[in-house]
Amino acid sequence: MTAEWWSRLIISFLAYGFLGWILEGVVMLIEKHRLINRGFLTGPVLPIYGFGAVAILLLTAPVRSQPWLVFVVGVVAASVIEFIGHLGLEKLLGLVLWDYTGRFANVQGRVCLTNALGFGVAGLFVVYVADPWLSRFVDGLGLLTSLSVASVLATLVVVDFVHAVVAVVRVRPEVESAVESLAALQTRLESRLDELAATLDEQVADGRERLAESRERLTEGRDRLLEHADQTRDRLQEARAALPSLPSPTTALRHQRVLRRSRGTLGRLDQAFPRGRMQRRGPGREVDQHGVDQRGADGRGTDARSADGH
């Protein structure tokens, strides 16, 4: 492992880390419609892409004549590096920068089949397209220049990485305190919501009881109203039965004809005998010459007439 080999390796790591940063930025631009720095570092480098590309280049060196093996190596190698990177960030710094939970064929949310297949395709691109061009570019720089570029860029990346780790370590207690406060607030809110739910249940139950009582009162009122209506109907029927029966239309027409023929005679008798009366044969009411019921007219009847001397 010569200095040239190390410089080539470092430049490859940084170049593919930069390509990964661009790729993630384009994806975010499409999804979010704005530029987002998806890296753990401040600079435009995603180390996990650099490690994955370098691992694929090293492991595929003996099988580059067989593209399908390069694809398989790319799938496995990049997935292993992604899993280790996710686990290391979570255990050492308490960071979870990506989560594939819910995706098809994921492993603990750290890797998934879709990304693994994408890494295989990316491995083919790196081995057969990008690396030959990058190798010619590094060879054209010369050994001294490539060593200088690799040293400077590696130093910047290391400083950026240390700065990011220190920042995470410093802010972690505050984050944990905020998380605890939010958890306590959530607990209080849930407790309050439980109390409100219990109160609401009680109010609903009380409302149901009142509604049932109102229904019972309405039912009782309806029953009383129906009973009163039945009683009124019975009284109306009794009153109707007590009324005298009206003459039939034929009888009324005959009476009207008789009255017209005898109108002159009855008028003369009424003038001659103003206190006269006409008595029905047999038991019955007394009527005057006009057929008026004397008992109903003055409330005294036949005896009262007799007392007057007629």
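**Notebook: helix packing, a core and two odd phi values**

Helix 2 and helix 3 turn out oblique to each other (angles under 35 degrees count as roughly parallel, over 145 as roughly antiparallel, 65 to 115 as roughly perpendicular, the rest as oblique). I'm working from a predicted model, in which local features need pLDDT of at least 70, side-chain atom pairs count only at pLDDT 80 or more, and totals for chains, interfaces and linings use all residues. Residues are numbered from 1 along each chain as its sequence is written, and side-chain values use heavy atoms, with hydrogens and water left out.

**Entry 1: helix 2 on helix 3**

I pulled the geometry for this pair. Helix 2 covers residues 47-59 and helix 3 residues 67-93, and the two pack at an angle of about 140° with their axes 9 Å apart. Axes here are lines fitted to C-alpha atoms, for helices over the stretch in contact, and angles run from 0 to 180 degrees between N-to-C directions. The crossing of helix 2 past helix 3 is right-handed (near helix turned clockwise from the far one by less than a right angle; anticlockwise would be left-handed).

Then I listed who touches whom. From helix 2 I get Ile48, Phe51, Gly52, Ala55, Ile56 and Leu59, and from helix 3 Val73, Gly74, Ala77, Ile81 and Glu82; contact means heavy atoms within 4.5 Å. Sorted by class, I have eight nonpolar, two polar and one charged residues in this contact. For the classes, Ala, Val, Leu, Ile, Met, Phe, Trp, Tyr, Cys and Pro are nonpolar, Asp, Glu, Lys and Arg are charged, and the others, Gly among them, are polar.

**Entry 2: helix 1 and its partners**

Next I went to helix 1. Helix 1 and helix 2 pack at about 130°, their axes 7 Å apart, which makes this pair oblique too. Helix 1 passes helix 2 in a right-handed crossing. On the helix 1 side I noted Trp5, Leu9, Ser12, Phe13, Tyr16, Gly17, Gly20, Leu23 and Glu24; they meet Pro47, Tyr49, Gly50, Phe51, Ala53, Val54, Leu57 and Leu58 of helix 2. The class count reads twelve nonpolar, four polar and one charged.

I followed up Glu24, which sits in helix 1 (residues 3-32). Is Glu24 buried or exposed? Buried, because its relative accessible area is 16% (buried is under 20%, exposed over 50%, partly exposed in between; 1.4 Å probe, protein chains only). With residues up to four places away in sequence left out, Glu24 touches Arg38, Leu46 and Tyr49.

I also checked helix 1 against helix 5 (residues 143-242). Their axes come within 9 Å and cross at roughly 50°, so helix 1 and helix 5 are oblique. Here the crossing is left-handed. Ala3, Glu4, Ser7, Ile10, Ile11 and Leu14 of helix 1 meet Leu143, Ser146, Leu147, Ala150, Leu153, Ala154 and Val157 of helix 5. I get ten nonpolar, two polar and one charged residues for this contact.

**Entry 3: the core**

I looked up the largest nonpolar core, which has 13 residues. Such a core is a set of buried Ala, Val, Leu, Ile, Met, Phe, Trp, Tyr and Cys residues joined through side-chain atoms within 4.5 Å. Ile11, Tyr16, Leu57, Val127 and Leu134 have the most contacts inside it. Helix 1, helix 2, helix 3 and helix 4 (113-141) each give it two or more residues. Which helix gives the largest share of this core? That is helix 4, with five residues. I then took Leu134: beyond its neighbours within four places in sequence, Leu134 is in contact with Ile11, Ser12, Ala15 and Tyr16.

**Entry 4: two positive phis**

Most residues other than glycine have a negative phi. I flagged His33, whose phi is near 65°. His33 is in the loop between helix 1 and helix 2, and it counts as exposed because its relative accessibility is 67%. I flagged Ala105 as well, with a phi of about 55°. Ala105 lies in the loop between helix 3 and strand 1 (106-107), partly exposed at 42%.

**Entry 5: whole chain**

Last, I counted up. The protein chain has nine helices and four strands (DSSP runs numbered from the N terminus: H or I of at least four residues for helices, E of at least two for strands). Along the sequence I read α-α-α-β-β-α-α-α-α-β-β-α-α. Of the 310 residues, 23% are buried. Among contacts between residues at least 6 apart in sequence, 57% join residues at least 24 apart.
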